[in-house]
Amino acid sequence: MTLDHLTAASLRRLLEKDNDEEQNRLLLHHLEVCPRCREAGGYLVDLHRAGAIDFQFSLVDVELARSRSEASALWRELAGLEPAERAALVRGSDRFTTWGMAERLCEESLAAAGGEPALAVELAMLAAWISARLPEWEPAEAAWLAELRAYAWAHVGHAWAAAGDRLQAECAFAAAGTFWAPAARDMGDVLGYEERILDLCRRGGDAVRRGE
């Protein structure tokens with residue numbers, strides 16, 4: 001009898017099952033010891049070694065972690081570009097329409113807000129654009145996507161506040177709340193975004209009131 005090695009498709013089917021911690025440990029061990037199977041699923045081992053997933057992972061956990069790990073390389077392609085070039089590249093290639101890229105652009109926007117508010121606005125708006133175009137179950141359900149959209153719009157609001165545009169900031173924070181409230185009510189803070197969103201809304205509101 002010939003035993004089949006894992007392929008990308010068969011590995012995905014395994015990850016779609018409700019596996020427990022012991023099964024996941026065995027899967028990771030198998031990927032470690034079988035070179036052919038590692039060709040299909042070695043990224044799982046890499047994610048685990050990096051601490052991006054533990055032994056209680058699901059397909060959603062894996063795809064989110066993989067998306068986040070790939071965002072650094074994608075950002076390097078964008079970082080040195082002019083705004084128009086960056087927007088054209090993001091909007092013209094599905095490679096950048098990922099969960100991890102939306103989160104990374106939010107982080108870069110936050111970092112830019114203190115000294116380059118126009119850049120902060122540009123990056124946060126790109127994050128919001130990406131979050132709006134992610135379809136359900138790629139990789140997460142609609143409520144999770146709504147929380148990502150709230151996260152992106154909170155960064156948009158913070159960026160506009162840093163740029164001194166009160167109206168745009170208030171509209172963005174309102175959009176964040178519209179996305180966040182029903183999703184958080186149904187799912188809770190499943191992605192760990194709540195503290196950041198509340199902090200950005202508070203800081204942005206303070207900046208607007210001070211006329212910064």
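**Helix 7, helix 8 and their neighbours**

Hi everyone! Let me start right at a crossing: helix 7 passes helix 8, and the crossing is left-handed. What you see above is a predicted model, and I'll walk you through it piece by piece.

Stay with that pair for a moment. Helix 7 covers residues 117–133, and helix 8 covers residues 142–162. The two pack at an angle of about 160°, and their axes lie 8 Å apart. How do they run relative to each other, parallel or antiparallel? An angle over 145 degrees counts as roughly antiparallel, and therefore helix 7 and helix 8 are roughly antiparallel to each other.

Who makes the contact? On the helix 7 side we have P117, A120, V121, A124, M125, A127, A128, S131 and A132, and on the helix 8 side L148, R149, A152, W153, H155, V156, A159, W160 and A162. Sorted by class, this contact has 15 nonpolar residues, two polar ones and one charged one.

Let's pick out A128, which sits in helix 7. Is A128 buried or exposed? Buried means under 20% relative accessible area, and A128 has 4%, so A128 counts as buried. Setting aside residues within four places in sequence, A128 touches A152, W153 and V156. If you'd like a distance to look at, take T98: T98 and A128 are 30 residues apart along the chain, with their C-alpha atoms separated by 11 Å.

Helix 7 also holds E122. At 15% relative accessible area, E122 is buried. Apart from its neighbours within four places in sequence, E122 is in contact with P83 and R86.

Now let's bring in another partner for helix 8. Helix 6, residues 99–112, packs with helix 8 at an angle of about 20°, with the axes 10 Å apart. Because of that angle, helix 6 is roughly parallel to helix 8. Here too, as helix 6 passes helix 8, the crossing is left-handed. From helix 6 come W99, A102, E103, C106, E107, S109 and L110, and they meet W144, L145, L148, Y151, A152, H155, H158 and A159 in helix 8. By class, that gives ten nonpolar, three polar and two charged residues in the contact. Did you spot A152? A152 is one of the helix 8 residues that meet helix 6, and A152 is also in contact with A128.

While we're in helix 6, have a look at G100, which is placed there. With 2% relative accessibility, G100 counts as buried. Which residues does G100 touch, leaving aside those within four places in sequence? They are S67, R68 and A71. G100 lies 57 residues from Y43 in sequence, and the C-alpha to C-alpha distance between G100 and Y43 is 16 Å.

Let's zoom out. How many helices and strands does the protein have? Ten helices and zero strands, so to speak of order, the elements from the N terminus on read α-α-α-α-α-α-α-α-α-α. The C-alpha trace spans about 75 × 40 × 25 Å along its principal axes. Of the 212 residues, 42% are buried. And take the contacts between residues at least 6 apart in sequence: 65% of them join residues at least 24 apart.

Next, helix 9, which spans residues 166–187 and contains G177. With a relative accessible area of 37%, G177 is partly exposed. G177 and C201 are 24 residues apart along the chain, and their C-alpha atoms are separated by 9.5 Å.

That mention of a cysteine leads to my last topic. How many disulfides are there? The count comes to zero. C34 is in no disulfide: the nearest cysteine sulfur belongs to C37 and is 3.5 Å away. The cut-off is a pair of cysteine sulfur atoms within 2.5 Å. C34 counts as buried, at 12% relative accessibility. C171 is in no disulfide either, and the nearest cysteine sulfur, that of C201, is 13 Å away. C171 is partly exposed, with a relative accessible area of 47%.

If you take one picture home, let it be helix 8, roughly antiparallel to helix 7 and roughly parallel to helix 6. Thanks for listening!

How values were computed. Residues are numbered from 1 along each chain as its sequence is written. This is a predicted model: local features need pLDDT of at least 70, side-chain atom pairs count only at pLDDT 80 or more; totals for chains, interfaces and linings use all residues. Side-chain values use heavy atoms; hydrogens and water are left out. Axes are lines fitted to C-alpha atoms, for helices over the stretch in contact, and angles run from 0 to 180 degrees between N-to-C directions. Helices (H or I, at least four residues) and strands (E, at least two) are DSSP runs, numbered from the N terminus. Angles under 35 degrees count as roughly parallel, over 145 as roughly antiparallel, 65 to 115 as roughly perpendicular and the rest as oblique. A crossing is left-handed if the near helix is turned anticlockwise from the far one by less than a right angle, and right-handed if clockwise. Contact means heavy atoms within 4.5 Å. Ala, Val, Leu, Ile, Met, Phe, Trp, Tyr, Cys and Pro count as nonpolar, Asp, Glu, Lys and Arg as charged, and the others, Gly among them, as polar. Buried means under 20% relative accessible area, exposed over 50%, partly exposed in between (1.4 Å probe, protein chains only).
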